[in-house]
Amino acid sequence: REPTPEFIRQALRDAVPEVSQYPTVAGLAVLREAVAGYVRRRFGVEVDPATQIVPVSGAKEAIFSTPLAFLDRDADDAGLFATPGYPIHERGIRFAGGEAIGVRLAGDFVLRAGDVPASAWPRLRLLWTCSPHNPTGAVASLDDIRGLYAACREHDTLLLSDEPYIDLYEGEQPHSALEVAGTGSPGVLAFFSCSKRSGMTGYRSGAIVGDPAAIAALKSLRSS
C-alpha cells in the first residue's frame, strides 16, 4: 500500500536498457557492493560482496527455495519453523523433502533456543527465525539472537534469519543475526528485501547475505 519513492521510480526509468539481457545468478558486482554497504552502515558488519552476497528476486522465492540446497530427503533431515509465522518457511522445508518441525510461539512471540525440542537438534539442518516477527511484529533482543545462534553452532544447524521487516521500527533498531555471527558470518544466512523498507513489493528485489560456503551452495543451486 505504501508508494514507492519517486527517486527509486526515476532510477528505474533511467536504467531501462535498450537491449534486455538475462541476469547472472551472482548478480552485478555494483549491486552486491551496494548490499554490502547497506549491511555495513545498518549493522556495523563487514561482508565480502564477492563471496557473501547473492541477489534474489525478492525474499519469498529465496526463502522457499533455500532448503533445496541443504536438506537431503534421503537422510531424514529436518528443518524448524515457528508458528504463527510466514507460511513459506514450512512449505520450503516440506518441498525440499525434509521434516518440518513446528514450534508454537506464545507470550512475546520470540523464538529462543530453549523453545527448540532437545530431540530435534540432532536432525536439524536448518532453523528459521524472523525478527521483527511476521505477523506479530515482535522483536528479538540481541541476547535472544545470540543464544539461538550459539545453539545452532553447537549442533551444526544453519540459522536462516528472515529479516525483510528489519527497517520498520519505532525506537531502538532491530538487530540482525549477522551482528552475532561476526567476521565471515559462519552458520548464518540473512534474508533481506526492498519490498517493505522501500515500498517496492512488485519490484522483486532482495538479497541473501552470510556464510560463504552456504552462499556458494545457493549459487550452485540457483544456476540450475
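**Exercise 1. Determine which residue of β3 stands opposite F81, and describe the strands concerned.**

*Solution.* F81 stands opposite G102 in β3. Strands here are DSSP runs of E with at least two residues, helices are runs of H or I with at least four residues, and both are numbered from the N terminus. The model is a predicted one, in which local features need pLDDT of at least 70 and side-chain atom pairs count only at pLDDT 80 or more, whereas totals for chains, interfaces and linings use all residues. Residues are numbered from 1 along each chain as its sequence is written, and side-chain values use heavy atoms, with hydrogens and water left out.

Next, consider the pairing: strands pair if DSSP finds at least two bridges between them. Strand β2 and strand β3 (residues 99-104) run parallel and are joined by six bridges. Finally, consider burial, where buried means under 20% relative accessible area, exposed over 50%, and partly exposed in between, with a 1.4 Å probe and protein chains only. Five of the six residues of β2 (residues 78-83) are buried, so this strand is largely enclosed by the rest of the structure.

**Exercise 2. Characterise the overall fold of the protein by its secondary structure, dimensions and burial.**

*Solution.* Begin with the elements: the protein contains eight helices and seven strands. Its radius of gyration is 17 Å, close to the 17 Å given by the globule rule for 224 residues, so the protein is as compact as a globular protein of that length. The radius is taken over C-alpha atoms, and the rule is 2.2 Å times the number of residues to the power 0.38. The C-alpha trace spans about 55 × 40 × 30 Å along the principal axes.

Of the 224 residues, 46% count as buried. Contact means heavy atoms within 4.5 Å; among contacts with a separation of 6 or more, 69% are due to residues 24 or more positions apart.

**Exercise 3. Locate the cis peptide bonds at P84 and P132 and the positive phi values of D76 and D156.**

*Solution.* As a reference, most residues other than glycine have a negative phi, and most peptide bonds are trans. A cis bond joins T83 and P84, with omega about 0°; P84 is placed in the loop between β2 and α4. Another cis bond joins S131 and P132, with omega about -10°, and P132 belongs to the loop between β4 and α5.

Turning to phi, D76 has a value near 60° and lies in the loop between α3 (59-65) and β2. For D156, phi is near 55°; this residue is in the loop between α5 and β5 and is exposed, with a relative accessible area of 56%.

**Exercise 4. Establish whether the loop residues T157, A140 and G98 are buried or exposed, and list their contacts.**

*Solution.* Neighbours within four places in sequence are left aside throughout.

- T157, in the loop between α5 (142-154) and β5 (158-162), is buried at 2% relative accessible area. Its contacts include W121, L124, C152 and G187.
- A140, in the loop between β4 (124-130) and α5, is buried at 10%. A140 is in contact with V110, S131 and I145.
- G98, in the loop between α4 (87-95) and β3, is buried at 11%. G98 touches L71, D77 and I93.
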